[in-house]
Each structure stands twice: as C-alpha cells, then as structure tokens.
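Please work through the following exercises with the structure in view, and try each task before reading its solution.

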Amino acid sequence: NMFQISSLDLPGNEDGRSLKLIGNKLYIGRFKSTIGNPEFYIVDVGKLFAGDLEIPTLGSFSVFADINSIAIEHDYAILGTSRPGANLHILNIASSTKIFSVATVSTSQKITGVDYQDNNLILSIFGDENVLNVNLIE
C-alpha cells in the first residue's frame, strides 16, 4: 500500500515537473515561475527515513524555464528545459547553497528527457524522431 508521509510546499504556485533522488537529496524541477521563484530545488529527505516529517530546503536556482528532466553526475545537475536558446542547463551543485551555471546548450526543440551514463549524455528532444546522444568532454 502507498500512503503519504509528508509534503513540501515550495514558494509560489508552480507545480513540480521532474524529480531525481540521489541518497538523501531530492532534486526537484518545476514549471517556469511567473513571479521570480526558482525552478530548481535541492531538498534533504534523509530525516523522512528517520521519522522526522520536516523536509529542509538546501538550495535553489532559477533557470527561467520549465525543468522537464534532471540528471545528476557528481557535482553537476544536468537539466533538460523548455528555454529557447538554452534548452540544456548544466549547474555546479557541489555546494547546495552556492549553485551556479556552468554551461547552457541550445537544441532544436525543448528537451523532454536527460540521462547520463558512461560519459554519455542522452537527450530526448521534443519534435525530433530520434534520441540525440552527446558525449560530454571534461
């Protein structure tokens, strides 16, 4: 059986769009804010597993677009968004309180899915028939 153990009310009225859980950190992507609230959040859900119902926010960042998908690789969050001219956002999340943009990449359409595996970034792009495979080079 599934049941709710807690809830999180982030600022604004934007709904959640994407999630990624790594350890005790939950990465949340939301619809584009119309009033200036961040669309990307990092929260600590570790206390939930210990019975504490509080979910503290560790950090946030504004990308000014819907965040459709999230991949996490070490100290980086890779966000697939709907923002024209910057559909792919790569954020440095080494410090949850000092998140900053490392790069943005433009694709032909909005990115609907991202995944990262074996030094390959796999993107699904709305409107394209195929999945685009891009190698990330450090």
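**Exercise 1.** Determine in which loop Asn119 is placed, and what sign its phi has.

*Solution.* In this predicted model, Asn119 sits in the loop between strand E9 (111-117) and strand E10 (120-125). Turning then to the backbone, one finds that the phi of Asn119 is positive, at about 65°, although the residue is not a glycine.

**Exercise 2.** Locate His74, give its phi, and decide whether His74 is buried or exposed.

*Solution.* His74 belongs to the loop between strand E5 (67-73) and strand E6 (76-81), and its phi is near 55°, a positive value in a residue other than glycine. The relative accessibility of His74 is 69%, and since exposed means over 50%, His74 counts as exposed.

**Exercise 3.** Describe the open sheet that contains E1, and explain why one side of E1 is left without a neighbour in the sheet.

*Solution.* The open sheet has four strands in the order E1-E2-E3-E4, and their pairing is antiparallel. E1 and strand E4 (57-61) stand at the edges with a single partner strand each, so one side of each has no neighbour in the sheet. On average, neighbouring strands of this sheet are turned by 15° against each other, direction ignored. Between E1 and strand E2 (residues 25-30), which run antiparallel, there are six bridges, and Gly16 has Arg30 in E2 as its bridge partner.

**Exercise 4.** Find which residues make the nonpolar surface patch of about 340 Å², and place Phe3.

*Solution.* The patch is made by Phe3, Ile5 and Leu53. Phe3 is found in the segment before strand E1 (16-22), and at 64% relative accessibility Phe3 counts as exposed.

Terms used
Residues numbered from 1 in each chain as written. Predicted model: local features only at pLDDT ≥ 70, side-chain atom pairs only at ≥ 80, totals over all residues. Heavy atoms only, no water. Patch = residues over 30% accessible without salt bridge, like charges linked within 9 Å, V, L, I, M, F, W, Y side chains within 5 Å. Areas by Shrake-Rupley, 256 points an atom, 1.4 Å probe, with all protein chains shown as cover. Salt bridge = Lys/Arg side-chain N within 4 Å of Asp/Glu carboxyl O. Helix = DSSP H or I, 4+ residues; strand = E, 2+ residues; numbered from the N terminus. Buried < 20%, exposed > 50% of the residue type's maximum accessible area, 1.4 Å probe, protein only. Pairing = 2+ DSSP bridges. Axes fitted to C-alpha atoms, helices over the stretch in contact; angles between N-to-C directions.
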